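User: I am new to reading protein structures, and I would like to go through one feature at a time. Could we begin with the rings and then move on to the contact between chains?

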Amino acid sequence: MDLDRRSLLKGGVALGAAGATLFDFARAWAQTAPWKPEPNAQLSMLRWKYFVQSEDDAFVALINAFTQATGVKVDITRESYEDVQPKASVAANTGTGPDLFWGLYSLPHLFPQKCVDMTDVANYLGQKYGGWVESAQKYGKVSGGDKWIAIPVCYSGALMNYRIAASKKAGFSEFPKTTDAFLEYAKAMKANGTPGGFALGHASGDGNTWVHWCLWSFGGNVVDANDKVIINSPETEKALLYAKQLYEYMIPGVASWNDAFNNKAFLANEIHWTNNGISIYVAASNDPTKKEIAEDMNHAYFPVGPIGRPTELHLMYPILAMNYTKYPQACKALIAFMLEADQFNKWISAARGYLTHCLNAYDANPVWTEDPKRTPYRDVAKRSLTAGGLGSVGEKAATAIADFVVLDMFANVCTGREDAKSAMKMAERQLQRIYRA
Amino acid sequence: MSDITAGTLRVQSSVREVSFWDRLRTNREWLGFWFMLPAAGFLLLFLAYPLGLGIWMSFTDARIGRSGSFIGLENYEWLLDDRSFVNATLFTITYTVVASVFKFAIGLYLAILLNRYIPFRAIVRAVILIPFIVPTVLSAIAFWWIFDPQFSIISWSLRKLGLMTGNIDFLGVPLHAQASVIFANIWRGVPFIAITLLAGLQTVPPSLYEAATLDGASPWQMFRHITYPLLTPIIAVVMTFSVLFTFTDFQLIWALTRGGPVNATHLMATLSYQRGILGGRLGEGAAIATAMVPFLLAAIMISWFGLQRRKWQHGGRDD
């Protein structure tokens, strides 16, 4: 408790001190920025609801500085990230609603013709801050073109979380780097009575990230580059059989896990490896009674499969402006301001590793190195593939993920409800309807 | 005689002078129509229109944020061939039937028990209502912990008692998960039935029991020939409501399992939400929701016939 209060106080002091400089910078920036907000401009923004309070505090400070420097009032509304998409779709369709939407990965691709062209903002930021990572370009640009329809602000990473002592005891001084070694690891961990587990219930975050990693790491794919469904393949079958073996070494009950279950089980010493954001570590560090868990845990990349390169899926948060806005220049100014080093560095530090940048220059932010256990999350944006895999990142990919098609295919095989072939057929049938022209 | 005729004539002529508007103004039915109009408007706007829109949508390929084009029965054809949908329908029926039977049996038993003289009756009656009062999501979270694969209180107790070594996988095995959610639904639904039946029991005149006692009737005979027949109308109503609520249940499943594991606990309502709102395919979601209507209509018809029987229950005749 004491620790919490102290760190909060420190944070507050830092923020207060930062306040003045933030404002000075904001004023200077407003005078030189390429985008001049329209006179009397006012903006409203719908954003995903924060996971960490400190991130939101830093964000509000950033917005206040923008308002002071430019006179543009910004009204922020927060919704759980799953609810941003339906609201944005309705707004795009009816032509009225918030000027800016900040949501989940494929959001701008649901209505690309309704988004303000952000090419100038993206080029400005890209040139200034070491360029955009590849996956961010795919999320930000209109499919098959060079026009940017959104600015990819950040990722929320999902990586392996594991206990150090238990892994050492199982004979692994570092976390396995390949899928074969990982299977051995899971087996040894289970034999020692320190098993782990991946969520196989309808867990939109943790469930979807690991099954896509598994599918892709064996060369399986939902669709090809032309959005043709190719799920029913020998590669997918290999991935399913691998997952079934892995499932045997997991703690019983993972088939019912939602997003919160692995956090609970990890923090209660019930499981010793799982996939997650940095939230378990943050929760353990904040709780004095869980101190030994925080000290004894670490993070690692997902193991690499037979195809020989990383195949991770992380959550992307792009921001877009609707073309019905009366103040497109103000929207661009705000977005560019958010990602300028003086704001973005503070904001991403406040997020304590939950959020990862998409602009290469921010690799240098001390948030990634002051605690080495955060470092793997720095590379999340570089390692991430995009929703839909080889195919487009639009509405169809979003539907397939929301409908848990791949997740249910894995769960069907792992729990023994279906064999691999019939599970693939079921998924294929569903996907063909989702991806039909 | 002539006076009378003249009087009648005069009255008749004055009646003819009444304009259509005057007649309308004093017409009780016309007035009634206007009094009814706001209610009818509400019903049309908030019940008939959404229902009609939902049914129309089920014939289109509408997605969130954009109206689709008419595709006829395509959604239904696809669903008929969709194992998730067929399983969800079968499970919805099982869920409703099993839960309703148990809720009725336990509810009736509790009602009869509470109708007797027991100490602290008022408090016991209030306590019985708790599961019904607690918001569904809250009770679902309680069950979440009870059924947790690692932290379940049931597994923990059995382990501490030395009756088993591992944990029970309540929500991870399809059959266990189905039984668990049905159990949670029963727990939640019993108070409603118990309290309503208790109200019904209290309307049974004690004189009937006295007469039966004098005739030497056994408790079972009294229940079978007095309590049960007099309770039938209220049973019909309360069971209709219970069946409707159970069939359209959403919150409990969504909070507990989200339809998992592997879609084993999806009800039609949760599947409709997942496909229509989360997946964005409104047309297909609407088709799943519309497919619930025939079942609900059937439940209402049963209740309607149940209510009709009320007359002869009270010594009248059906006509």
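User: How many aromatic pairs are there over all chains?

Analyst: Please keep in mind that this is a predicted model. Two rings are taken as a pair if their centres lie within 6.5 Å, and by this rule the count comes to 50 aromatic pairs over all chains. Pairs can also join into a cluster: in chain A, one aromatic cluster is formed by residues including Tyr162(A), Phe172(A), Trp210(A), Trp273(A) and Phe410(A).

User: Over which ring does the charged end of Arg429(A) sit?

Analyst: The charged end of Arg429(A) sits over the ring of Trp78(B), 4.5 Å from its centre, and here the arginine belongs to chain A while the ring belongs to chain B. In another case, the charged end of Arg47(A) is placed over the ring of Trp48(A), 4.4 Å from the ring centre.

User: How much area do chain A and chain B bury between them?

Analyst: The size of an interface is often given as the accessible area lost when the parts come together. Chain A and chain B bury about 3,400 Å² between them, with 48% of it on carbon and sulfur atoms, and the contact takes 38 residues from chain A and 37 residues from chain B.

User: How many salt bridges does the rule find across the interface of chain A and chain B?

Analyst: Side chains of opposite charge can pair when their charged atoms come close. Across the interface of chain A and chain B the rule finds ten salt bridges, while the structure holds 29 over all chains. One across the interface joins Glu284(B) to Arg433(A), at 3.1 Å from N to O. Another salt bridge brings together Asp148(B) and Lys264(A) at 2.8 Å, N to O; this pair crosses between chains, from the loop between α8 and α9 of chain B to helix α10 of chain A.

User: Which parts of the chain does the pair of Lys421(A) and Glu237(A) link?

Analyst: The side chains of Lys421(A) and Glu237(A) meet in a salt bridge of 3.2 Å, N to O. The pair links distant parts of the chain, with Lys421(A) in helix α19 and Glu237(A) in helix α9 of chain A, 184 residues apart.

Key: Residues are numbered from 1 along each chain as its sequence is written. Chains are lettered from A and ligands numbered from 1 in the order in which they are written. This is a predicted model: local features need pLDDT of at least 70, side-chain atom pairs count only at pLDDT 80 or more; totals for chains, interfaces and linings use all residues. Side-chain values use heavy atoms; hydrogens and water are left out. Rings of Phe, Tyr and Trp (its six-membered ring) pair if their centres lie within 6.5 Å; planes under 30 degrees apart count as stacked, over 60 as edge-to-face and the rest as tilted. A charge sits over a ring if NZ of Lys or CZ of Arg is within 6 Å of the ring centre and within 35 degrees of the ring normal. Contact means heavy atoms within 4.5 Å. Buried area is the accessible area (1.4 Å probe) that two parts lose on being put together, summed over both. A salt bridge is a side-chain nitrogen of Lys or Arg within 4 Å of a carboxyl oxygen of Asp or Glu. Helices (H or I, at least four residues) and strands (E, at least two) are DSSP runs, numbered from the N terminus.
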